[in-house]
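Biologist: I'd like a close look at a single part of this model, the kind of look that starts from one element and follows whatever it packs against. Could you pick one and talk me through it, then work outward?

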Amino acid sequence: MTEQNLTQAFWAYEKALMANDVAELDRLFAPGPATLRGDANGLLVGHDAISAFRSGRSVPTGGAPWRRIVQTHVQAIDADHALIVAITELASGGRGQQTQLWAKVEGDAGKEWKVTAAHVSVPAPALDTRVWRLVGDPLVPGDPEGDLAGETVAVKDLFAVAGQLVGAGNPEWLHHASPETGHAWAVQRILDEGASIRGIARTDEFAYSLAGQNAHYGTPPNPKAPFRISGGSSSGSASAVSLGHATIGLGTDTGGSIRVPSAYQGLYGIRTTHGAVPVDGLLPLAPTFDTVGWMTRTPELLASVGEALLPPRPPREEPTAIRRLVVVPELLELAEPRVADAIRTWLAVVTVPTSEESWTADVESWRQTYVTFQAHQAWDVHRAWLETRLDTLGDDVRGRFEAASRITDDQAEHAAEAADQARDAIRSFVGDRVLVLPSTSSVAPFPTDDVQATRDATMRLTSIAGLGGLPAVSIPLTTADGLPCGVCLVAAPGRDRDLLALALRIAAAKHR
């Protein structure tokens, strides 16, 4: 083994890393699909994936947090392979470690030392501010005698928590906020039933997004699909549950803000019937469509939270068993093939009778109706505060509010009429059945993908339940290539409990 050449290669790598010299880093990592790079966020497989990750990240001091090497340990495996473990000391404090497997690889100048696998560890942050605005231990304790005792809740930063501020994902709004004098209705109920508030979780600004990307605080991580977006706007609540920081993610769903992060992160999630759960103490976006929802890692807990938040069944009313699922091929085809295939695979084994039925709904027209009516309401709700503060918003949310400000009253009235017609058509088609459709049009995209195009495609699906004011439960599935996605079950208004029971029934049958 040429020790000097290996040492030179190691220090060239370190120098390139601190300078964020992407070209040199690419050169020092072995080419091909088997090269590995892992950290706390996940594992990247293949030189191209590693290169794309480096090109897309931004750290003020360079490509990685500034640090110095304090120890290096080299173990020769054979003449062409060596393991290097380096201890690092970060400028921000604490120590980290990097482990690299180096190999001699044929290059332009003959055999050169290159990294074939690397793992990086740094001290865990005391608080991941991409996920949380505020955390306690707990922040607010629940009733220890309640049925949800022992559960912990990540509360989306739109709900009032007594004594705390509502931040709405925007630093300027947070700066002007006053402490809340009481809990939001949903927060109080969940505390009364025993769950404790773990903390206040991040949201996309004013909940006006489906991506989870916040220009001020960053994008919460997606542990089920590393380096892909988390999904929003209940992004922090979803990531907190997916990461295991909390067991319940309390959020809202206006245009898909429960269903999208649930699908992207492999969670169970429910958007409730419009008006089923009171929105007292909740900062609105578009009142016609705003609903309370929640996410969990299991269908059992999803249903248990429903017992706390959903209205009780009327006396002497028995649960209505769901006897048939209806699949609309035209809606299934709105999803990318790997998502549609995952749903078809699920349908082939699900224990509930299923039928196909064509539906020539103009989903693109409905999406446009939804977007226009939602935008007009969002501007009406927030106009007084935002008119002189649009520059405090991230580019994507600012663009939506600016477009909303240009919608005329005539356009809004036309959209409202079209929304009423769509609601009637959707409710008529669903009837007493359960509609099966993709929760999202795709798996979670990478931040460098066309996220807006993905949003538009997904809203052709999510706006159906929104316009209908219907309950929807997202059940996690996995694509053939191992990425999370979701199948969405939509039922008539008020059938929230029936959908939760169906999710339990399906899960139980799967594990028999």
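Modeller: Let's fix one cut-off before starting: a residue is buried when its relative accessible area is under 20%, exposed when it is over 50%, and partly exposed in between. Keep in mind too that this is a predicted model.

I'd pick α8, residues 299–309. How many of its eleven residues are buried? The count is eight, so by that cut-off the helix is mostly covered. The buried set is Pro299, Leu301, Leu302, Ala303, Val305, Gly306, Ala308 and Leu309. When you rotate the helix on screen, remember that an α-helix has 3.6 residues a turn, so residues three or four places apart point the same way.

What do those buried residues pack against? There is one other helix early in the list, α5 (185–192), then the strands β10 (248–253), β11 (268–271) and β12 (291–296), and finally β16 and α15. Those last two are the ones to follow, since β16 (472–478) and α15 (496–510) also help to build the second largest pocket. α8 itself and α10 (337–349) join them, each of the four giving at least two residues to the lining.

That pocket holds about 500 Å³ of space. Its lining comes to 27 residues, and the closest to the centre are Trp346, Ile475, Pro476, Leu477 and Lys510. Place these on the elements and you get Trp346 on α10, Ile475, Pro476 and Leu477 on β16, and Lys510 at the end of α15. By class, the lining splits into 16 nonpolar, seven polar and four charged residues.

From β16 we can step across to Pro438. The C-alpha atoms of Pro438 and Ser474 are 8.7 Å apart, although 36 residues separate the two along the chain; Ser474 falls within β16. Pro438 belongs to strand β15 (residues 434–438). Is Pro438 buried or exposed? Its relative accessible area is 1%, so it counts as buried. Leaving aside residues up to four places away in sequence, Pro438 touches Leu331, Leu332, Ala335, Val339, Ile343, Leu461, Gly486 and Cys488. Val339 and Ile343 in that list sit on α10, one of the helices from the pocket lining.

Leu461 leads to another helix, because it lies in α14 (residues 451–468). The axes of α13 (residues 409–430) and α14 come within 8 Å and cross at roughly 95°. The two helices are therefore roughly perpendicular to each other. On the α13 side, Ala419, Ala422, Arg423, Ile426 and Arg427 make the contact, and they meet Ile464, Leu467 and Gly468 of α14. Sorted by class, this contact has five nonpolar, one polar and two charged residues.

α14 also touches on the enclosed space in the model. There are two cavities of 30 Å³ or more. The largest has a volume of about 50 Å³, and Arg455 and Met459 are in its lining together with Ala207, Tyr208, Ser209, Leu210, Thr254, Gly255, Ser257, Leu285 and Gln374. That lining divides into five nonpolar, five polar and one charged residue.

The second largest cavity holds about 30 Å³. Arg133, Asp157, Gly167, Gly169, Asn170, Leu174, Arg202 and Tyr217 line it, with two nonpolar, three polar and three charged residues among them. Look at Ala168, in the loop between β8 (152–156) and α4 (171–176). Its phi is near 55°, a positive value in a residue other than glycine, and at 0% relative accessibility Ala168 counts as buried.

A few other backbone spots deserve a look while you have the model open. Phe227 also has a positive phi, about 75°, although it is not a glycine. Phe227 lies in the loop between β9 and α6, and it is buried at 18% relative accessible area. That loop, between β9 (196–201) and α6 (235–243), also holds Ser233, which is joined to Gly232 by a cis peptide bond with omega about 5°. Another cis peptide bond links Asp137 and Pro138, with omega about -5°, and Pro138 is part of strand β7 (residues 132–140).

How values were computed:
Residues numbered from 1 in each chain as written. Predicted model: local features only at pLDDT ≥ 70, side-chain atom pairs only at ≥ 80, totals over all residues. Heavy atoms only, no water. Axes fitted to C-alpha atoms, helices over the stretch in contact; angles between N-to-C directions. Parallel < 35°, antiparallel > 145°, perpendicular 65-115°, else oblique. Contact = heavy atoms within 4.5 Å. Nonpolar A, V, L, I, M, F, W, Y, C, P; charged D, E, K, R; others polar. 1 Å grid on protein atoms, 1.4 Å probe; cavity = no way out; pocket = protein on both sides within 12 Å on 5 of 7 lines; lining within 4 Å. Points joined across faces, edges and corners; volume = space filled by probe spheres on them. Buried < 20%, exposed > 50% of the residue type's maximum accessible area, 1.4 Å probe, protein only.
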